[in-house]
Amino acid sequence: MAETGAGAANEPNALTENRPAARPAGVPSSETEALQAVPRATAGAIAAGIAVVIVLGALARYFETHVPRWSVDTPFQRVAKSIEFPVYAIALGLIGNVVLAELALRDRLSAGFRTEFFIKTGVVLLGASINLKILVTAAGPSILQALLLITAVFGFTWWLGGRLGLDDKLRALLSSAVSICGVSAAIAAAGAVQARREQIAYAASLVIVFALPSIFLLPWLAGVLGLPDAVAGAWIGGNIDTTAAVAASGAIAGEKALQIATIVKTTQNALIGVVAIALTAYFTLRVERAPGAARPSARQFWERFPKFVLGFLAASIIGTLYLRSADKKSGAAHIAIVNDLRTWFLIFAFVSIGLEFSLRGLREAGWRPVVVFASAALVNLAVGLGLSVLLFHDFTV
């Protein structure tokens, strides 16, 4: 995460100050602003940074595969089987962060930690595994839950962020992250509102900090509350903010819960594009439009729209059409290849998040964004539980 130059925690700073960020004339996209430091880095430093990400990512995949084997017939067997790649990737990224900082190499190699690129590519590939027809015809409760939950949680987060004086761009990132699907949604929102790099990294860090304990907490709470499998799965899928963490938590809750959790989460993922379009329109026409200024042109609107969202939608359509035309076995095998590639990019993204994480940056941002995110997470838990019970209490897997 980029370091901020803030003072006391309660004072405005680069993350929370409610003012437009300076941007060179003619630059329409947040990506240009986010990567301003890259030209100053040498090609060797960028290559070395990418190599660090790849090596740590390969280690994360290795641990994910082999730790369950090593723990067979030990007290850690069940826990080891339930830990998914985000945990290993983030942990290795954080370790690499500390080591590189001690060697005074972290800042020099940071241009190679391409979190945005890895996440965006992973999101596009995610679209291939989302069959829109199946979701629409067989997952009606999931669609209704996603719409109601996203609306309620996004609205609450946006309102509370405004009451506590957060910058509108950070409000958009936090609201999208906590209500839809974590880092992926935050990245989509960042492209729509032209958020700054430190805001993206900060939102991603909060997502990870809250998602990791949820992997184990929600299945335990579902057991304590005696929730049926379908209700537990819907609650897990609607509340944990990353797809991989949902899969890990659902696996702990059981196979039937995992199936429902996956459907609910992919339904929410499918709404990333809708939220990105809405945010693009709101910030273009309301937030950043000067009084008396002409209405932005269609070209300006297009320039700031996050193009990778279209890739996500296109991949979903292509995947749906392909599965309809191919035989079931071949189609499943090919989609599995795409999903494996997606997993690699998400591993690299989580490693990069760990490498970019800055505890100092969290401290300097102050208490307000943390309070907003934590409060929204609690609202998400309560509303999500109520909707899950209401919509899935008679649902059979």
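**Exercise 1. Determine which helix gives the largest share of the lining of the second largest cavity, and describe that lining.**

Solution. Helix 11 gives the largest share, with four residues in the lining of the second largest cavity. The model used here is a predicted one.

Step 1. Count the cavities: there are two of 30 Å³ or more. The second largest holds about 30 Å³ of space.

Step 2. List the lining residues. They are Pro86, Ile90, Ile208, Ala211, Leu212, Ile215, Thr242 and Ala245.

Step 3. Assign them to helices. Helix 4 (85-102) and helix 11 each contribute at least two residues to this lining.

Step 4. Sort the lining by class. Seven residues are nonpolar, one is polar and none is charged.

**Exercise 2. Classify the relative orientation of helix 11 and helix 20, and describe their contact.**

Solution. Two packed helices are described by the angle between their axes and the distance between the axes.

Step 1. Take the two values. The axes of helix 11 (residues 197-225) and helix 20 (residues 368-392) come within 12 Å and cross at roughly 30°.

Step 2. Apply the cut-off. Angles under 35 degrees count as roughly parallel, and helix 11 and helix 20 are therefore roughly parallel to each other.

Step 3. Give the handedness: helix 11 passes helix 20 in a right-handed crossing.

Step 4. Identify the residues that meet. From helix 11 these are Tyr202, Leu206, Val207, Phe210, Leu218 and Leu225. Their partners in helix 20 are Pro369, Val370, Phe373, Ala374, Ala377, Leu381 and Leu385.

Step 5. Sort the contact of helix 11 with helix 20 by class. It has 13 nonpolar residues, with no polar and no charged ones.

**Exercise 3. Do the same for helix 2 and helix 4.**

Solution. Helix 4 also appears in the cavity lining of Exercise 1.

Step 1. The axes of helix 2 (residues 43-70) and helix 4 come within 9 Å and cross at roughly 140°.

Step 2. Angles over 145 degrees count as roughly antiparallel and 65 to 115 as roughly perpendicular, with the rest oblique. Helix 2 and helix 4 are therefore oblique to each other.

Step 3. The crossing of helix 2 and helix 4 is right-handed.

Step 4. On the helix 2 side, the contact is made by Val52, Leu56, Leu59, Ala60, Phe63, Glu64 and Val67. On the helix 4 side, Phe85, Tyr88, Ala89, Leu92, Gly93, Gly96 and Leu100 take part.

Step 5. By class, the contact of helix 2 with helix 4 has 11 nonpolar, two polar and one charged residues.

How values were computed: Residues are numbered from 1 along each chain as its sequence is written. This is a predicted model: local features need pLDDT of at least 70, side-chain atom pairs count only at pLDDT 80 or more; totals for chains, interfaces and linings use all residues. Side-chain values use heavy atoms; hydrogens and water are left out. Axes are lines fitted to C-alpha atoms, for helices over the stretch in contact, and angles run from 0 to 180 degrees between N-to-C directions. A crossing is left-handed if the near helix is turned anticlockwise from the far one by less than a right angle, and right-handed if clockwise. Contact means heavy atoms within 4.5 Å. Ala, Val, Leu, Ile, Met, Phe, Trp, Tyr, Cys and Pro count as nonpolar, Asp, Glu, Lys and Arg as charged, and the others, Gly among them, as polar. On a 1 Å grid over the protein atoms alone, a cavity is a set of points where a 1.4 Å probe fits but cannot get out, and a pocket is an open set with protein on both sides within 12 Å along at least five of seven lines; lining residues have an atom within 4 Å of a point. Grid points are joined across faces, edges and corners, and a volume is the space filled by probe spheres set on the points.
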